[in-house]
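I opened my notebook to go through this one element by element. Here is what I looked up, in the order I looked.

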Amino acid sequence: MGTYRRHGKSTIADKLFLISEVSLLCLSSLVASYLYNNLNPHIPLDYRLINAALFAATVMLCALSVGLYDQKLRESHSGIIKRVLITLLFSAVMLEGIIFNLFPFLHISALYLAVASVIALFSLTGFRALFHYNDITRISRRRVLVLGAGERASIIERRMRRNVDKRFFEIVGFAHIDGDRSASIPAEKLITFDYKENLFQYVIDNGIDQLVIACDERRNMLPVEHLFKCKSRGIEVIEILDFIERETGQIAVNLIYPSWIIYGNGLDLNQRFKTNLDYKLNLILAVMLLAVTWPIMLLTALLIYLEDGRKTGASVFYRQVRVGFDGKPFYILKFRSMKPDAEKNGARWASADDDRVTRVGKYIRKYRIDELPQLMNVLKGEMGFVGPRPERPEFVNELVKDIPYYSQRHNVKPGLTGWAQLKYPYGATAEDAQEKLKFDLYYIKHRSLLLDLMILIRTVEIVLFGKGR
């Protein structure tokens, strides 16, 4: 469902949700095949069951690619319906164009697939509207008490105001701890009790499932014996850094302290093994993608040349120095999407509505076609498919001074797409760079083949819905 580690209650809810969706998809397929079989009674039951499994698996894979299994997805019901429609269209293309061509004996008919898709459209959107997005059962909710009401605790309040941000938990309140600095937490959310004497009893009386340690000063301030008793009763005690990481898929850079990095298990990478493994996989993927996309690349080069390359003599490609693995510079290759004199006044951040972008550039940037030449960087081993987006040295030199731990994002190879691109909208300021760093560090900490595959699949969502670069 998501990539974050979840509390026990939400894990159960995830499983129930997935089981429910699989059941609905299989039922949609079986109903459609039953109706079709009444018209043409020649489809064996075992083939109908196999079709149901294929239909469910394909739809769920396509749903993942357009972000429908992102638990933090902020979409209206109309937006969800739009994504479900795209999902069913993609799945139909995959089934008719690929799977049934490879296994023609499984093919029932295009009419069966159309009917199954229509039934699935109504069942999926109805199920999500009634049970998932409105959280009627509230089975996933856990009760959270925040120990702290100062500056650190206020980050939870600021970052998790929307209901979608608190889908898996309910904050009972913020308990003031001695040493907390004044912050802007609303008075109605503050809890006052003698935490040094009564913390354990308060937790039991109020059905608290999780304690978040978020006080500004911890030295001799926390009731350690009460925390031990809470742990012994199965109440989870978690540090604010880990809580934010788990619930938001990012690492709060402004809360990091050096010992968390040095003694934690987060940013410890066996880089040599991962680099060797990644290069082989990236090489295979790059060759496959080049074989599929070369007509698009050829057409793009022609359009750029016809728009302004023929008159100015400017190249259809754009080479630019970026900072790569271990901080080493390399030349990134892209299709030119800006005017030839775009940087006559020096380097500046690109923006969503940049007046330097050409007409062709507007479209190739929107659908990330301008990034395709970077497959050559992948073949050369300078980039991977997944990783933090490489930044320009001029900006890196400034960002390293202003943003703590910014250089840590160079511990892995840069990528064509990444976790930050999935989780953060288009941004082109130093503030945006700091927000994206939180997601980049989360990716570095949790980097795995499974996470990389999930990001690659969901890159479809970036292209379709114009998410961050």
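Before pairing anything, I fixed my rule: two strands count as paired if DSSP finds at least two bridges between them. I also kept in mind that this is a predicted model.

**Entry: the hairpin**

I started with strand E6 (residues 317–323) and strand E7 (residues 329–335), which run antiparallel and are joined by seven bridges. Which residue of E7 stands opposite Arg 319? I found Leu 333 there. I then checked Phe 317 and saw that Phe 335 in E7 stands opposite. E6 and E7 form a hairpin, and I noted five residues between the two strands. In that turn I stopped at Asp 326, which has a positive phi of about 65°.

**Entry: the open sheet**

Next I traced an open sheet of five strands, paired in parallel, and wrote its order down as E3-E2-E1-E4-E5. Which strands stand at the edges? They are strand E3 (190–191) and strand E5 (236–239); each has a single partner strand, so one side of each is left without a neighbour in the sheet. I followed E3 to strand E2 (residues 169–175) and found the two paired in the parallel sense over two bridges. Ala 175 has Ile 191 in E3 as its bridge partner.

**Entry: two helix pairs**

I looked at helix H5 (residues 151–159) against helix H8 (residues 240–248). Their axes lie 11 Å apart and the helices pack at an angle of about 10°. Angles under 35 degrees count as roughly parallel, and H5 and H8 are therefore roughly parallel to each other. I logged the way H5 passes H8 as a left-handed crossing.

Then I turned to H2 and H3, whose axes are 9 Å apart at a packing angle of about 130°. This pair is therefore oblique. Here I logged a right-handed crossing as H2 passes H3.

**Entry: the largest pocket**

How much space lies in the largest pocket? I have it at about 1,200 Å³. The pocket is lined by 29 residues, and the closest to its centre are Leu 289, Leu 456, Ile 457, Thr 459 and Val 460. I listed the elements that give two or more residues to this lining: helix H2 (45–65), helix H3 (77–102), helix H10 (271–312), strand E9 (415–417) and helix H16 (449–465). So my oblique pair from the previous entry turns up again, with both H2 and H3 on that list. H16 gives the largest share of the lining, seven residues. By class, I wrote down 23 nonpolar, four polar and two charged residues for this pocket.

**Entry: the cavity**

Last, I searched for enclosed space and counted one cavity of 30 Å³ or more. The largest cavity holds about 40 Å³ of space. What lines the largest cavity? I read off Val 323, Gly 324, Pro 388, Arg 389, Pro 390, Glu 391, Arg 409, His 410, Val 412, Lys 413 and Pro 414. Val 323 took me back to my first entry, since E6 spans residues 317–323. I sorted this lining by class too: five nonpolar, two polar and four charged residues.

Note on methods
Residues numbered from 1 in each chain as written. Predicted model: local features only at pLDDT ≥ 70, side-chain atom pairs only at ≥ 80, totals over all residues. Heavy atoms only, no water. Helix = DSSP H or I, 4+ residues; strand = E, 2+ residues; numbered from the N terminus. 1 Å grid on protein atoms, 1.4 Å probe; cavity = no way out; pocket = protein on both sides within 12 Å on 5 of 7 lines; lining within 4 Å. Points joined across faces, edges and corners; volume = space filled by probe spheres on them. Nonpolar A, V, L, I, M, F, W, Y, C, P; charged D, E, K, R; others polar. Axes fitted to C-alpha atoms, helices over the stretch in contact; angles between N-to-C directions. Parallel < 35°, antiparallel > 145°, perpendicular 65-115°, else oblique. Left-handed = near helix turned anticlockwise from the far one by under 90°.
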